[in-house]
Amino acid sequence: KRRRITMEKQGITISGDEIKQKQQASLKTKADESWGNEEQQFEPITPKQTYVGKGDAQEVRSVSVPAHRLSPLRRDWENLYKPLVTHMKLQVRMNLTSKKVEIRNSPETKDIGALQKGADFIRAYMLGFNIADAVALLRVEDLYIESFDVNEVKQTLQGDNLSRAIGRITGKEGKIKFAIENATRTRIVVADKNIHILGSFTNIKIARDAICSLITGSPPGKVYARLKTISGRMKDNAI
């Protein structure tokens, strides 16, 4: 049976369950207030704290090496690892068994984001970018790589039509591709049906719009005129 408590003076009847619920709500409110009053302060983690001793598990970034990039990797290996070891203070090795480039922090690493930048640098090289272009990912902030397929723009392209669409992107001796790169301050790699663009967020969008226009059949002259207008605006905004 539920007990009932009668407050004779005020003429109010309150059940025992109601009193229990109010007590629990009061305790919860006090706990929330005490938690909110405490200032939670956490010190930022340092790169040295992410490095652990030999034999312990630690964060490692692995980048797969495609078969067609093995020969260029052997040729450019010295130029590839020097920026990572000398400037970013990372540890790099080539795992011949799994065919992956492995990167990890060292005790001398100062930048907390060095490991991610190094992985992006290696990944850019594997996509086909030159080392001189890919090294910008280590030195400049807010640079990204966007990749897309020609068939994502126009799914009906096949055979000769697909080849012609890819040819419109590059142009004779790569003139159209160079024009887009110079106007948008980006770097573009055309690898079969895959298009890779390196640059800032805004510039990548402009370059992608120009490439999509070429894929859908817009005349190069029209794309040139549009790029000239956009590049002029970008110069004015920079000034």
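# A tour outward from V101

Begin by selecting V101, which lies in strand β5. The model in your viewer is a predicted one, and the values quoted along the way are computed from it. Is V101 buried or exposed? Its relative accessible area is 0%, and because buried means under 20%, V101 counts as buried.

Keep V101 selected and display its surroundings. Leaving aside the neighbours within four places in sequence, V101 is in contact with R61, S62, V63, V65, L73, W77, V92, R93, M94, I122 and M126. Of these, S62 deserves a label of its own, since the two C-alpha atoms of V101 and S62 are 5.6 Å apart in space although the residues are 39 apart in sequence.

**The sheet around β5**

Next, select the three strands that form an open sheet in the order β3-β5-β4, where the pairing is antiparallel. The edge strands, each pairing on one side only, are β3 (60-64) and β4 (90-95). If you look from strand to strand, neighbours in this sheet are turned against each other by 20 degrees on average, direction ignored.

How many bridges join β3 to β5? There are five, and the two strands, β5 covering residues 100-105, run antiparallel. To see the register on this side, select R61, which stands opposite I103 in β5. On the other side, β4 and β5 pair in the antiparallel sense over six bridges, and here R93 can be selected together with its bridge partner in β5, E102. Follow the chain round the hairpin of β4 and β5, where four residues lie between the strands, and stop at K99, which takes a positive phi near 55 degrees.

**Helix α3 and its partner α4**

Now add helix α3 (residues 70-87), which lies across β4 and β5 and runs at about 165 degrees to β4. Then bring in helix α4 (residues 114-127), which packs with α3 at an angle of about 155 degrees, the axes being 12 Å apart. That angle makes α3 roughly antiparallel to α4, and the crossing in which α3 passes α4 is right-handed.

Which residues should be shown as sticks where α3 and α4 meet? On the α3 side they are P72, L73, D76, L80 and L84, and these meet G118, F121, I122, Y125 and M126 in α4. Sorted by class, this contact has eight nonpolar residues, one polar and one charged. Three of the names here will be familiar from the start of the tour, for L73, I122 and M126 are also among the contacts of V101.

**The second sheet**

Move on to another open sheet, again of three strands, in the order β6-β8-β7 and with antiparallel pairing. Its edge strands are β6 (144-149) and β7 (187-191), each of which pairs on one side only, and the twist from one strand to the next averages 15 degrees. Select β6 together with strand β8 (residues 194-199), and you will find them paired in the antiparallel sense over six bridges; within this pair, E146 stands opposite I197 in β8.

With this sheet displayed, bring α4 back into view. Helix α4 packs on the sheet, touching β6, β7 and β8, and its direction makes about 35 degrees with that of β6. Thus α4 is met twice on this route, once against α3 and once on the sheet of β6, β8 and β7.

**Helices α9 and α10**

For the last close view, select helix α9 (residues 175-184) and helix α10 (residues 201-215), whose axes come within 9 Å and cross at roughly 155 degrees. That makes α9 roughly antiparallel to α10, and their crossing is right-handed. The contact is made by I176, I180 and T184 of α9 on one side and by N203, I206, A207, A210, I211 and L214 of α10 on the other. By class, seven of the residues in this contact are nonpolar and two are polar, and none is charged.

**The whole chain**

Finally, clear the selections and view the protein entire. Its secondary structure comes to eleven helices and eight strands, and buried residues make up 33% of its 239 residues. Among the contacts with a separation of 6 or more, 56% are between residues 24 or more positions apart; V101 and S62, 39 residues apart in sequence, are also in contact.

Note on methods
Residues are numbered from 1 along each chain as its sequence is written. This is a predicted model: local features need pLDDT of at least 70, side-chain atom pairs count only at pLDDT 80 or more; totals for chains, interfaces and linings use all residues. Side-chain values use heavy atoms; hydrogens and water are left out. Axes are lines fitted to C-alpha atoms, for helices over the stretch in contact, and angles run from 0 to 180 degrees between N-to-C directions. Angles under 35 degrees count as roughly parallel, over 145 as roughly antiparallel, 65 to 115 as roughly perpendicular and the rest as oblique. A crossing is left-handed if the near helix is turned anticlockwise from the far one by less than a right angle, and right-handed if clockwise. Contact means heavy atoms within 4.5 Å. Ala, Val, Leu, Ile, Met, Phe, Trp, Tyr, Cys and Pro count as nonpolar, Asp, Glu, Lys and Arg as charged, and the others, Gly among them, as polar. Two strands pair if DSSP finds at least two bridges between them. Buried means under 20% relative accessible area, exposed over 50%, partly exposed in between (1.4 Å probe, protein chains only).
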